[in-house]
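Me: Please take a close look at one part of this structure, a pair of helices that pack together. Then add what can be said about the cysteines.

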Amino acid sequence: MTDWHEQLTVPRAPFIPSVVWVDDPATDGFIDVSRDDDEPRWHALVEADEPIITQVDDGATKPGETGQQPSSSCSQPSLVAAMLAALDVREGHRVLEIGAGTGWNAALLSDRAGEHGHVVSVEVDPAVADDARRALAAVGYAPVVVTGDGTKGYAADAPYDRVICTASVRTIPRPWIDQTQPGGVIVAPWGTDYGDDALTRLEVREDGSASGRCGANLAFMRVRHQRRDFLEPSADEVDAAESTQTAHSGRELFEMVTFARAAFTIGLRVPSCYLTVEDVTEDRRLIELHDVRSRSWARVTLVRGQDPWTVHQLGPRRLWNEVDAAYAWWQEAGNPTPDRYGLTVTPDGTHGVWIDAPDNERRWSLTF
Ligand SMILES: C[S@@+](CC[C@H](N)C(=O)[O-])C[C@H]1O[C@@H](n2cnc3c(N)ncnc32)[C@H](O)[C@@H]1O
C-alpha cells in the first residue's frame, strides 16, 4: 500500500494563513494563533496530521475574540490523501472540487490533472475564495476558483471526470451527478445527522444514477446549506419531559454513539436525528438527540456508577425509542460496519442504501 505522504505532492504550509484557530478548553470555544506572535506553534500545527481551522463563525469572529463554530479549515493530511486515493485523478482529467478552503487540495488536484487537465474549485465564502486564489497563484497553480454554492456544481465547465467535496453532505446534490460523465467518480464525506460521515465513492452511470460504497470515517464540517441544528430545552421543559430509565450497559451506549460500531447504521435507520455527546465532567456524560423540524429531543444522562441511567424525552417523536429500535436492528443484522454499506442515488433523487450488494434484502430508501 502506498504511504499516504506520497499522495501529498504539494507542501501544505504556503496555503495556511498567518492566523489560525485552536480549541480553547477554558471557554470551550476557539482562539487564534498567529504566526507573527508564536511561529513555533504555528509551524507545529501546520506539520501535524490534524485539520487546521482557518475561519470561525463564517468570518464574523476576528482574532482576539472567541469563536464558536469552525467554518473553514485545511483538512487533515492523511484524510486528504485517502480521499485523493479514492478519487483517482489521472492526467488530463476535468475535476470539480466543492469547498476550496485554503486551496491546498485544489493544488494537489491540479498537480495530478496536469497541464492538459482542468480543475474548478467552488468556495461559498468570498473572503476564503480570495485567499485560496492568492495562495494558488503564489505557488504557481491556476485552477478556476469560483465563489458560489458548490451544491449547484459548476455547469459552465461541465462535464467532469471527477467530483470531490471537501465538506460533508447529507444528500448528494443532483447537479454533481448531472455534471459528471458516465463512468466518472464522485467522492464525498456522506452521512446522516447522526454521527460522523463515511468516505463515499460513487460511480456515475449512463442512466443518470450514481452508486458505490461507503468507507472510512471522516469528520468534516457540513456544507453551509445542509448544516445540522440542535435544540436546547429550558430547565422547565426538561423537568416536564417524559422520564424513563434505560437498561443498556455503558458498553452498549458506547456502541450506539460510535461510528465504527452502530452509529452509522442508526443514522441510516432514524431520519433527521442529530446526535451530540458531551462530557460535562469526568463522571457525567450527556447523550442528546435533536430533531429541530418536529421539535423533538431526548437526553440520556450517564453518571459513573449510578446506572440504570435516566432518559428524558420531549416533543412528538420519541427519539430515544427510535434509536434504541435501530440499535436492536443493527445487532440482529450481525453488527454491520460502515464499510459494508453502499449508496445508490437514482435519477429521481432517491437515496437507497444497501448492505454488501445493491440487491441484498437488507436495503431501503432514506427519508430526509
Ligand atoms: C474543510 S474546508 C475545505 C478544505 C479545502 N479543500 C482545503 O484544501 O483547504 C470546507 C470548505 O467548504 C466551504 N463550503 C461550505 N459550504 C459550501 C458550499 N455550499 N459551496 C462551496 N463551498 C462550501 C467552506 O467555506 C470551507 O471553506
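Reply: The helix pair comes first, then the cysteines. This is a predicted model, in which local features need pLDDT of at least 70, side-chain atom pairs count only at pLDDT 80 or more, and totals for chains, interfaces and linings use all residues. Residues are numbered from 1 along each chain as its sequence is written, and side-chain values use heavy atoms, with hydrogens and water left out.

Helices here are DSSP runs of H or I with at least four residues, numbered from the N terminus. H2 covers residues 77-87 and H3 residues 104-113; their axes lie 12 Å apart at an angle of about 35°. Axes are lines fitted to C-alpha atoms over the stretch in contact, and angles run from 0 to 180 degrees between N-to-C directions. The H2 and H3 crossing is right-handed, meaning that the near helix is turned clockwise from the far one by less than a right angle.

From H2, Pro77, Val80, Leu84 and Leu87 make contact with Trp104, Asn105, Leu108, Leu109 and Arg112 of H3, where contact means heavy atoms within 4.5 Å. An α-helix has 3.6 residues a turn, so residues three or four places apart point the same way.

As for the cysteines, the whole structure has 0 disulfides, a disulfide being a pair of cysteine sulfur atoms within 2.5 Å. Cys165 is unpaired because its sulfur is 15 Å from the closest cysteine sulfur, in Cys214, too far for a bond. Cys165 is buried, at 0% relative accessible area; buried means under 20% (1.4 Å probe, protein chains only). The sulfur of Cys273 is 19 Å from its closest cysteine sulfur, also in Cys214, and Cys273 is buried at 1% relative accessibility.

How values were computed. Helix = DSSP H or I, 4+ residues; strand = E, 2+ residues; numbered from the N terminus. Buried < 20%, exposed > 50% of the residue type's maximum accessible area, 1.4 Å probe, protein only.
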